[in-house]
Amino acid sequence: MNESKNLTRIYVFPLLYVVSLYLFPVFSSYSEDFPILSYVKYICFIFGILNIIVAAKCCKPEYRHIMLNCAVLVKYALIPFFVIGGIFVIATVLLALMPVPFMLFFGPAMALILCAIGWLILALGAPYTISYLCLSQKAGFRSSTTAVLHSILQFFFFIDVFDVMYLTFKEGKWKKLTITLLILLLIAIVLIFLLFAFGLLSFAF
């Protein structure tokens, strides 16, 4: 019973990471009124480092499914976060099309900064998937080559989510949730593409 509780406590770390990321804009907006929030808002990066430590410590055979569940928790829960982030990136790119010289440099610069921050968030959420892949390789469920390939895919926007979806199907877990989120994610991608196309047309005409 105690061992089971200890295993479930691991979920606290990815959960805190996800919650802290969603609270980041809230903390930022109130940081002027509450100066302490200007420091607390960066706690998400501390939780991200804790993800690496926890995933490394739990890289043991008995934690294989736990690591997959943690990966699913992080990747699936952050889908809306990255979709919204993608919309902001598109909006900043479109700013470069405005007939203002300053915007020609400001828009792409902001887009690059947002992408860099987004990639860091993506990377700090990848350790659980990598830990699961290492354990799967050690258990003989996949080759070293495929484990390395899947690990690399965890550092590419959107591809990482689709890859985790593939891994869950191969494992035979979270199928209904994965199918539902896959449909919603595809709809979101289409909407982002239409938003980008509409933005281009608006500036063109």
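**Entry 1: Trp-174**

I looked up Trp-174 and found it in the loop between H10 and helix H11, which spans 175–204. I am working from a predicted model, so I read each value here as computed. For Trp-174 I noted a phi near 55 degrees, a positive value in a residue other than glycine. Then I asked myself: is Trp-174 buried, partly exposed or exposed? Its relative accessibility is 39%, so Trp-174 counts as partly exposed.

**Entry 2: Phe-158**

Next I went to Phe-158, in the loop between helix H9 (144–153) and helix H10 (159–171). Phe-158 is not a glycine, yet I found a positive phi of about 70 degrees there. I checked its accessibility as well: at 28%, Phe-158 counts as partly exposed.

**Entry 3: the cysteines**

I then turned to disulfides. How many are there in this model? My count came to zero. I wanted to see this at particular residues, so I started with Cys-70 and kept in mind that a disulfide needs two cysteine sulfur atoms within 2.5 Å. The closest cysteine sulfur to that of Cys-70 belongs to Cys-58 and lies 7.6 Å away, which is too far for a bond. Cys-70 has a relative accessible area of 0%, so I wrote it down as buried.

What about Cys-115, and how far away is its nearest cysteine sulfur? That sulfur is in Cys-44, 17 Å away, and Cys-115 is in no disulfide. With a relative accessible area of 31%, Cys-115 is partly exposed, whereas Cys-70 is buried.

Technical notes. Residues are numbered from 1 along each chain as its sequence is written. This is a predicted model: local features need pLDDT of at least 70, side-chain atom pairs count only at pLDDT 80 or more; totals for chains, interfaces and linings use all residues. Side-chain values use heavy atoms; hydrogens and water are left out. Helices (H or I, at least four residues) and strands (E, at least two) are DSSP runs, numbered from the N terminus. Buried means under 20% relative accessible area, exposed over 50%, partly exposed in between (1.4 Å probe, protein chains only).
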